[in-house]
Every structure is written in C-alpha cells, then in structure tokens.
Amino acid sequence: MRRKLAAGNWKMNGTGANLSELADLASPENIDVLICPPAPLVSRAAQANAKIAIGGQDCHTAQNGAHTGDVSAAMLADAGATYVLTGHSERRTDHGERNAIVAAKTAAAWDQNLIAVICIGETLAQREVGETLAVIADQLTHSTPNAATGGNTVIAYEPVWAIGTGLIPTLEQIEEVHDFIRAELANRFGTETAESMRLLYGGSVKPSNAEYIFATSNVDGALVGGASLKASDFNGIISALSLA
C-alpha cells in the first residue's frame, strides 16, 4: 500500500521568520508531509516540526569538493533532510540540467539515504505537438537510475506549462500521464516495484482544486509550490489528500 505524500517546494522563498509556518502544518497519521525549503533553512526547518519531513531542493552529484555555491546530499542529510528534489523543471531550464545529471544527482541522494523526488514534465509546445508521452518516457527512463525502488524514489509529474500559471490539465490529461508513468515503471522494474513507487502531480495545485486532482487514478499526492508557503493554504491540500 503506497503511503500518500503532500510535498511542498518553497523554491527561492522564505527566511527564518517563515519557519513559524511549519509549526502550524497538519500532519495526519495516514499520509506523509514534506517541506523543501531553501538550503540555508534546512537545518532549522528540521527542528521546527518533528511530524513533517524536510527535504532539499537540489543536490550536487559529488558529496564534497571544489563546487562553490553547491550543496551535497551529505550536507542535506547532516542538516536533517530525508528527501531531495532532483530534476525540477526550473533546474532543467535555468541551469541546463539534462537527464544524465538528474540521474547522477539521484544516485548521490541515495548514497546518503535520501529519498529522491525525481521531477519530469513537458512544456506547452511539446504538448501542443503531441510529444507529451514521448518526453515523459525519455525523462523517466534517463533520469531514473536502475536501482530505483519505492523506498528510495518518488516520481513527480509537473507539466511545465502548469507550474505557477494557474493552468490545470484536465482530469483526463493527468490520468493519461500518471497511468503511462506507472506502466513504464512496470515495464522496466516489474509490477511489484512499480506499484510501490509514489507518483505525485505538481502544477498550480491549490486547496480549491486538490480534491479534484486527488480523485485521479495513480495520483499518490502532490508537489506544491506557492500554496505550500502558508500553512493555512497547504493544510487544505493536506486535508484533501488525507481524505482522498
């Protein structure tokens, strides 16, 4: 039985003052709650609410070395993180990260016993020309190392065109991609492993549409951006997932 996951990605938002929001987050017993704050806040976030998990937003492929400005998986684990995002579309776009780098970062996360949340998703242009499933298959195949299991990997589908835009795919579009991802995982890793992996949807998830999204097949939770910054907003999503 897959345990549902409500994950919040604060992106480059927040200072120490915002950590008070974590104390007000709901933590239902039947789901997991995760917050990925900016790297300077990870250590303090890990101490703010013992009932929620804390993750990094990115990690380097190496565990140490001459990489000014980067953060390693070892550092995140030492700071109290138990998860890390890899391959977020903003990293792929802003920093030119390709699938091979995402896979290497994922492996580095596993080396430190971090659960990797591997992010995949198509652009609007790719969807409009009918390339969605081909893009998803390529990113999923080449961003996910062979040692992936339900214990060390979460897959987050985030259509790039829906992130922060207010645009939401139809129920049928979300279902098509999530069902496709599950089938691709089964073909590669076997049914048992595929069924153990959690699949999250991300892209303009809000309390007002969370119930609608969580009613979709093979959606085991959400990766939430702006709506995770305030406990009053994120709690609505957490509640919807707990009841789904």
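Entry 1, surface. I looked up the accessible surface of the protein chain and noted about 10600 Å², with 51% of that belonging to carbon and sulfur atoms. Accessible areas here come from the Shrake-Rupley method with a 1.4 Å probe, and for residues only the protein chains shown count as cover.

Entry 2, basis. I note that this is a predicted model, in which local features need pLDDT of at least 70 and side-chain atom pairs count only at pLDDT 80 or more, while totals for chains, interfaces and linings use all residues. Residues are numbered from 1 along each chain as its sequence is written, and side-chain values use heavy atoms, with hydrogens and water left out.

Entry 3, overall fold. I counted 11 helices and 8 strands in the protein chain; these are DSSP runs numbered from the N terminus, helices being H or I of at least four residues and strands E of at least two. The radius of gyration of the protein chain is 16 Å, close to the 18 Å from the globule rule for 244 residues, so the chain is as compact as a globular protein of that length. That radius is taken over C-alpha atoms, and the rule is 2.2 Å times the number of residues to the power 0.38. Along the principal axes, the C-alpha atoms fill a box of roughly 45 × 40 × 35 Å.

Entry 4, burial and contacts. Of the 244 residues, 50% count as buried (under 20% relative accessible area; exposed is over 50%, partly exposed in between; 1.4 Å probe, protein chains only). I also looked up contacts (heavy atoms within 4.5 Å): among those with a separation of 6 or more, 73% are between residues 24 or more positions apart.

Entry 5, strand S5. I checked residues 115-120, strand S5, and found 6 of its 6 residues buried. Ile115, Val117 and Cys119 point one way from S5, and Ala116, Ile118 and Ile120 point the other way. In a regular strand the side chains alternate between the two faces of the sheet.

Entry 6, neighbours of S5. Two strands pair if DSSP finds at least two bridges between them. Strand S4 (residues 83-86) pairs with S5 in the parallel sense over 4 bridges, and Val84 has Ala116 as its bridge partner in S5. S5 and strand S6 (residues 153-157) also run parallel, joined by 5 bridges. There I found Cys119 opposite Ala156 in S6.

Entry 7, Ser89. I located Ser89 in helix H4 (residues 89-94). Ser89 has a relative accessible area of 11%, so Ser89 counts as buried. Leaving out residues up to four places away in sequence, Ser89 touches Val160 and Ile163.
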